[in-house]
Each structure stands twice: as C-alpha cells, then as structure tokens.
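Visitor: I would be grateful for a close look at a single part of this structure, explained for someone in the first year of study.

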Amino acid sequence: MSSFVLPQGNSGDITIPANESIAVFCQGSAQVYRKIGYPNYPDQVTLIGTVNNGQTVFGPYTSGATIVVEASGYRDWE
C-alpha cells in the first residue's frame, strides 16, 4: 500500500495498476476524476465521485486507470 498526500487546493494524477482500487480520504471535500486518453486526442477527465469529510473507495479497475484527485481543502470554521 502506498500513500499520496495533496496539500489544500492542489491536484494530482495517480496511476492505478490493473485489478487494484484507490481509497480517497479527506477533511473537507475532494473531486475524483478518471483520466481517459485516446490516440491523437487530448486527455479527457470524467467525474467519478466526490468525497466529503471521509473516505471512499473507487475501483477495482480491470485494466488499470489514471485517477485525478482535486482537493478543495479543509475549512475549520464549519
């Protein structure tokens, strides 16, 4: 298992191997997208879910995937 930490307001691409899943945990909210690429076209992303103050598991992905997580950040005044 590996960990990847995104500071508030940042995003990152994570490559998921075949037949694996990803667990996204956040305080605040984060949008999770799957990057889809086609030959000779720019990459596109599709929203697969939003995580709010907790953890959600996405996958497994039979042929692997590239996941983009955009962290909105934690707001401590709520």
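In which strand is the place of Pro60? Please describe that strand and what surrounds it.

Guide: Pro60 has its place in strand β3. The model is a predicted one, and what follows should be read with that in mind.

Let us begin at Pro60 itself. The peptide bond that joins Gly59 to Pro60 is cis, with omega at about 10°. Most peptide bonds are trans. Strand β3 holds a further point of backbone interest, namely Asn53. Asn53 is not a glycine, yet its phi is positive, near 45°. Most residues other than glycine have a negative phi. The relative accessibility of Asn53 is 56%, so this residue counts as exposed.

A positive phi is also found at Asn19, where the value is near 65°. Asn19 lies in the loop between β1 and β2. With a relative accessible area of 54%, Asn19 is likewise exposed, because the cut-off for exposed is over 50%.

Let us now turn to the interior. Strand β3, which spans 44-61, is among the elements that give two or more residues to the largest nonpolar core; the others are β1 (11-16), β2 (20-36) and β4 (65-73). The core has 13 residues, and those that touch the most other members are Ile22, Val24, Phe58 and Ile67. Five of the core residues come from β2, which is the largest share. In soluble globular proteins, nonpolar side chains tend to be buried together.

Val24 serves as a good example of how these residues meet. Leaving aside residues up to four places away in sequence, Val24 touches Val51, Gly54, Gln55, Thr56 and Phe58, and also Val32 and Val69. Phe58 is thus a contact of Val24 and, like Val24, one of the core members that touch the most others.

Finally, a charged pair deserves mention. A search of the whole structure finds one salt bridge. Asp13 and Lys35 form it, and their closest N and O atoms are 2.6 Å apart. Asp13 belongs to strand β1 and Lys35 to strand β2, so that the pair, 22 residues apart, links distant parts of the chain. Side chains of opposite charge can pair when their charged atoms come close. Asp13 is partly exposed, at 44% relative accessible area, and Lys35 is also partly exposed, at 26%.

Key:
Residues numbered from 1 in each chain as written. Predicted model: local features only at pLDDT ≥ 70, side-chain atom pairs only at ≥ 80, totals over all residues. Heavy atoms only, no water. Core = buried A, V, L, I, M, F, W, Y, C linked by side-chain atoms within 4.5 Å. Buried < 20%, exposed > 50% of the residue type's maximum accessible area, 1.4 Å probe, protein only. Helix = DSSP H or I, 4+ residues; strand = E, 2+ residues; numbered from the N terminus. Contact = heavy atoms within 4.5 Å. Salt bridge = Lys/Arg side-chain N within 4 Å of Asp/Glu carboxyl O.
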